[in-house]
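Thanks for coming, everyone. I would like to walk you through one model this morning, beginning with how the chain is divided and ending with a pair of helices.

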Amino acid sequence: MSFSANVEKLQPSATMAVSTLAKRLRAEGRDVIDLSAGEPDFDTPEWIAQAAVDGIRAGKTRYTPPAGVPELRKAIAKGLSVRAGRDLSWEGVVVSNGAKHSLFNACFTFFGPGDEVLVAAPYWTTYPEIVRLARAEPVFVQGSEEREFRLTAGDLEAVTTERTRGLIYSSPSNPTGSVYSAEELRAVVEWARDRNVRLLADEIYREIYFEGSGEAPGLLELPPESLGPFVLIGGASKSFAMTGWRIGYSWTPPDEAKKMVALQSHTTSNPATPSQMAALAAYSDPGRTAHDVARMREAFQRRRDLVCRLFDELLPGLAYVVPRGAFYLFVRVDSAFGEGVEGSTAFCSWLLEETGVALVPGAAFGDDRWVRLSYAASDETLEDGIRRVADALKGT
Ligand SMILES: Cc1ncc(COP(=O)(O)O)c(C=O)c1O
């Protein structure tokens, strides 16, 4: 079979592949504990879901402008402006089918053949594939393990060439849960400004942060003079438990947003209209969403504490990154590699077979020595799963 150069090297999403396998094994009757999922285990708040139902009943079932209804773009821009302490134009907001789609739009709009795009590693598995789809080249850059993989200007400088056009990172990070402090972020952002490197700042987990105000330091809280070219990415999926609704957004200056809208107008058109109605309710009522977000954040934080305690108790030799945000624990498992289990993918297959616990191999995130555990699961499930992992590892 032959495919076009566009997709020849494209691989299916590794994180989705594991959860698909886990679901299949479960359907076959196996006792599976799936700790691979990249989504909150909560339902979308009822009042947000109701807004979509009301919208459908009111006939909000037709096309909207490709960038989303102006009311939604305005509500998102208002929240961003409050964060920034200055007015960010609503015409800079492009609402897309999830943050993944916003990232795709950004890469396709700003990068192309001959460009190098730095990807902060360990990275969310989709970043390099999206860069390659735009026919640009991902260049991986990994901060030191002692700094929980956060990058410094020095790390970035070391891999930069005259072809470097962009840098993609997430903070809080998927897969490590690591979060840049405001000072660390500022150093990276100012480096990018001075190098004229465009930042793709993925802040999809910004509201799932376990320190201070509960909102991770972000691009908009930095002094505006720190910023060079950037695309801010956010969305409803993680903080409002709305993964299936497919609502994400980007913010850039409006003349740049126009090009992304043109791209979206020829690919997907608008995000689903009922989903926009739900998102409109959520973004228009920050007081009410804050209440739901706080409830979910507290649960994630409690589970973060639980999984760290269980690992410390049951597997004291195993290194992990203490998560400061998101809902993942990144665990170093290469000490358990041996004959027949020579990397993270083989390790995860062995573990699934042996214990029924599904984790995601670090190979999917650019570091084969590690695995990712999602703690977006009930306390009982987490406890059972980690005990099984510990028993299996003690037996090796
Ligand atoms: C870092 C990161 N960015 C973006 C996304 C995509 O979010 P969405 O579901 O809104 O497309 C994910 C989802 O797992 C993610 O982990």
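What you see is a predicted model, and taken over C-alpha atoms, the centres of domain 1 and domain 2 are separated by 26 Å. The domain assignment places residues 14-43 together with 289-394 in domain 1, while domain 2 covers 48-285. Where the two meet, 33 residues of domain 1 are in contact with 31 residues of domain 2.

Let me turn to the interior. The largest nonpolar core has 61 residues, and those with the most contacts inside it are Phe311, Leu329, Leu373 and Tyr375. Helix α10, residues 286-314, supplies the largest share of this core, namely 8 residues, and each of domain 1 and domain 2 contributes at least three residues to the core. Apart from this core lies another, of 51 residues, which includes Trp47, Leu72, Ala236 and Ile247.

Coming back to Tyr375, and leaving aside residues up to four places away in sequence, its contacts include Phe210, Phe300, Arg303, Arg304, Val307 and Leu382.

Finally, the helix pair. The axes of α11, residues 344-355, and α12, residues 379-394, come within 10 Å and cross at roughly 105 degrees; since angles from 65 to 115 degrees count as roughly perpendicular, the two helices α11 and α12 are therefore described as roughly perpendicular to each other. On the α11 side the contact involves Phe347, Trp350, Leu351, Glu354 and Thr355, and these meet Arg388, Val389, Ala392 and Leu393 of α12. By character, the residues of this contact divide into 6 nonpolar, 1 polar and 2 charged.

How values were computed: Residues numbered from 1 in each chain as written. Predicted model: local features only at pLDDT ≥ 70, side-chain atom pairs only at ≥ 80, totals over all residues. Heavy atoms only, no water. Core = buried A, V, L, I, M, F, W, Y, C linked by side-chain atoms within 4.5 Å. Buried < 20%, exposed > 50% of the residue type's maximum accessible area, 1.4 Å probe, protein only. Helix = DSSP H or I, 4+ residues; strand = E, 2+ residues; numbered from the N terminus. Domains from an automatic or database assignment. Contact = heavy atoms within 4.5 Å. Axes fitted to C-alpha atoms, helices over the stretch in contact; angles between N-to-C directions. Parallel < 35°, antiparallel > 145°, perpendicular 65-115°, else oblique. Nonpolar A, V, L, I, M, F, W, Y, C, P; charged D, E, K, R; others polar.
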